[in-house]
Amino acid sequence: MEKNNNQWRQIRRKDRALDRNGAEDILKKGTYGVLSTFGQDGYPYGVPVNYFYKDGHIYFHCAVEGHKMDNLANCPQVSFTVVNSENIDGPHITTFYESAIAFGKASAIQNQEEKRNLLVDLTVALAPGSEESRRAAEKCADVSLERVQVVDITVEHVSGKAHY
């Protein structure tokens, strides 16, 4: 996505463009998306991750070390794509869908208490349930806190498209 005079490039198919609220609704409803990063070797890297969206931030967890973290250390600018529905209509030779793409800067959560709380929030967002489920998520977060990293993507721009 190019910036022109600090403006983000516009969607070509204006008839399918969603406003910011519509794009954010797609991010709120989704449970996994594709994180796209760049490596030092210049190659892009797209990987699906579970996530949750809250107040202009996308949060996901991963290993403390690995391809994602190496790429984020190299270049924190990322894109994140979510497709919530897709249905091919063969007789009409079209696809019905809704999708959003967010651009932003990713950073690792350093504060341990914040990281723990976000791990619990992620678990609850992906597998909502009773208070018992939340307690299980808290216990799991306590056990895995040192082995995982929580990444915060601060969304700078989001756009969405839909064809219903």
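User: In this predicted model, what makes D70 and A73 of helix α2 buried or exposed?

Analyst: D70 and A73 are exposed, a term that requires over 50% relative accessible area. They lie on the other side of α2 from its buried residues.

User: Which residues of α2 are buried, and how do you know that they share a side of the helix?

Analyst: Within α2, residues 67–74, the buried residues are K68, M69, N71 and L72. These four are placed on the same side of α2 because they cover an arc of only 160° around the axis.

User: What covers the buried residues of α2?

Analyst: The covering elements include the strands β4 (32–38), β5 (44–50), β7, β8 (77–89), β9 and β10.

User: Why is C62 called buried, and C140 partly exposed?

Analyst: C62 has 8% relative accessibility, and the limit for buried is under 20%; C62 therefore counts as buried. C140 has a relative accessible area of 47%. Partly exposed covers values between 20% and 50%, so C140 falls in that class.

User: How do you know whether C62 is in a disulfide?

Analyst: A search of the whole structure finds zero disulfides. For C62, the nearest cysteine sulfur is that of C140, 15 Å away. A disulfide requires two cysteine sulfur atoms within 2.5 Å; the sulfur of C140 is therefore too far from that of C62 for a bond.

User: Why is strand β10 described as mostly covered?

Analyst: Strand β10 spans residues 148–163, and 13 of its 16 residues are buried.

User: What makes β3, β7 and β9 pairing partners of β10?

Analyst: Pairing requires at least two bridges between the strands. Strand β3, residues 17–18, has two bridges to β10, with L18 opposite its bridge partner G160. Strand β7, residues 57–63, has seven, and there H61 has V150 as its partner. Strand β9, residues 94–108, is joined to β10 by 12 bridges, one of the partners being I153 for A106. The pairing with β10 is antiparallel for β3, for β7 and for β9.

User: Which residues touch the most other members of the largest nonpolar core, and what supplies that core?

Analyst: Of its 23 residues, L35, I58, F60, F80 and I153 touch the most other members. Helices α1 (20–29) and α2, together with β5, β7, β8, β9 and β10, each supply at least two residues. The largest share, four residues, comes from β10.

User: Which residues is F80 in contact with beyond its neighbours within four places in sequence?

Analyst: F80 contacts G33, V34, L35, V49, Y51, I58, A100, I101, A102 and I153.

User: Which residues does the second core include?

Analyst: The second core is separate and has 12 residues, among them Y59, L119, L122 and A141.

User: Why is R20 called partly exposed, and what is R20 in contact with?

Analyst: R20 lies in helix α1. At 39% relative accessibility, R20 is above the limit for buried, 20%, and below that for exposed, 50%, and therefore counts as partly exposed. Leaving aside neighbours within four places in sequence, R20 is in contact with V155, H157 and V158.

User: How many residues separate R20 from F38 in sequence, and what is the distance in space?

Analyst: R20 and F38 are 18 residues apart in sequence, and their C-alpha atoms are 26 Å apart.

How values were computed: Residues numbered from 1 in each chain as written. Predicted model: local features only at pLDDT ≥ 70, side-chain atom pairs only at ≥ 80, totals over all residues. Heavy atoms only, no water. Buried < 20%, exposed > 50% of the residue type's maximum accessible area, 1.4 Å probe, protein only. Arc of directions from axis to C-beta. Contact = heavy atoms within 4.5 Å. Core = buried A, V, L, I, M, F, W, Y, C linked by side-chain atoms within 4.5 Å.
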